[in-house]
Amino acid sequence: MRVEGQGRPLLMSIPEAKQYIRRFVVSYPVPAPNYPEPDHESVVETWPDTMDDLNALLFCENWLKTVDPDHKNFIDLNGFGSIISEEEVVVG
């Protein structure tokens, strides 16, 4: 079941999102025989072009005062995790 929170429209309403996010993906689990039930409702990927762009987004006033405080309204912050990563394409 998809749970549509207010986070996505709120994020996309700030000018910094359009400026610093190149790609934004939300992946939702689907039923898969022989696999355990997922632990999370979704996985969100935010793709900036550079680490500086990510920091500019996450430390701008609009993020800190508007977007980030709203997370508690639709994310279980106790089960929340994040990772900063670099992609290595192996196939494709």
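In this predicted model, Val43 lies in strand E2, which covers residues 43-47. Val43 has a relative accessible area of 49%, and it is therefore classed as partly exposed, since a residue counts as exposed only over 50% and as buried under 20%. When residues up to four places away in sequence are not counted, Val43 touches Val25, Val26 and Ser27. Val43 and Ile21 are 22 residues apart along the chain, and their C-alpha atoms are separated by 16 Å.

Ile21 belongs to the largest nonpolar core, which has 9 residues, the others being Leu11, Ile14, Ala17, Tyr20, Leu57, Cys60, Trp63 and Val67. Two elements, helix H2 (15-20) and helix H4 (61-70), give two or more residues to this core. For Trp63, one of the core residues, the contacts that remain once its neighbours within four places in sequence are left aside are with Leu11, Ile14, Leu57, Leu58, Asp68, Pro69 and His71.

Strand E2 also appears in the description of the largest pocket, where it gives the most to the lining, with 5 residues. The volume of this pocket is about 1,800 Å³, and its lining is made up of 44 residues, of which Val44, Glu45, Thr46, Phe80 and Gly81 lie nearest the centre. At least two lining residues are supplied by each of helix H1 (7-12), strand E1 (23-27), E2, helix H3 (51-58) and H4. By residue class, the lining of the largest pocket divides into 23 nonpolar, 11 polar and 10 charged residues.

Notes: Residues are numbered from 1 along each chain as its sequence is written. This is a predicted model: local features need pLDDT of at least 70, side-chain atom pairs count only at pLDDT 80 or more; totals for chains, interfaces and linings use all residues. Side-chain values use heavy atoms; hydrogens and water are left out. A nonpolar core is a set of buried Ala, Val, Leu, Ile, Met, Phe, Trp, Tyr and Cys residues joined through side-chain atoms within 4.5 Å. Buried means under 20% relative accessible area, exposed over 50%, partly exposed in between (1.4 Å probe, protein chains only). Helices (H or I, at least four residues) and strands (E, at least two) are DSSP runs, numbered from the N terminus. Contact means heavy atoms within 4.5 Å. On a 1 Å grid over the protein atoms alone, a cavity is a set of points where a 1.4 Å probe fits but cannot get out, and a pocket is an open set with protein on both sides within 12 Å along at least five of seven lines; lining residues have an atom within 4 Å of a point. Grid points are joined across faces, edges and corners, and a volume is the space filled by probe spheres set on the points. Ala, Val, Leu, Ile, Met, Phe, Trp, Tyr, Cys and Pro count as nonpolar, Asp, Glu, Lys and Arg as charged, and the others, Gly among them, as polar.
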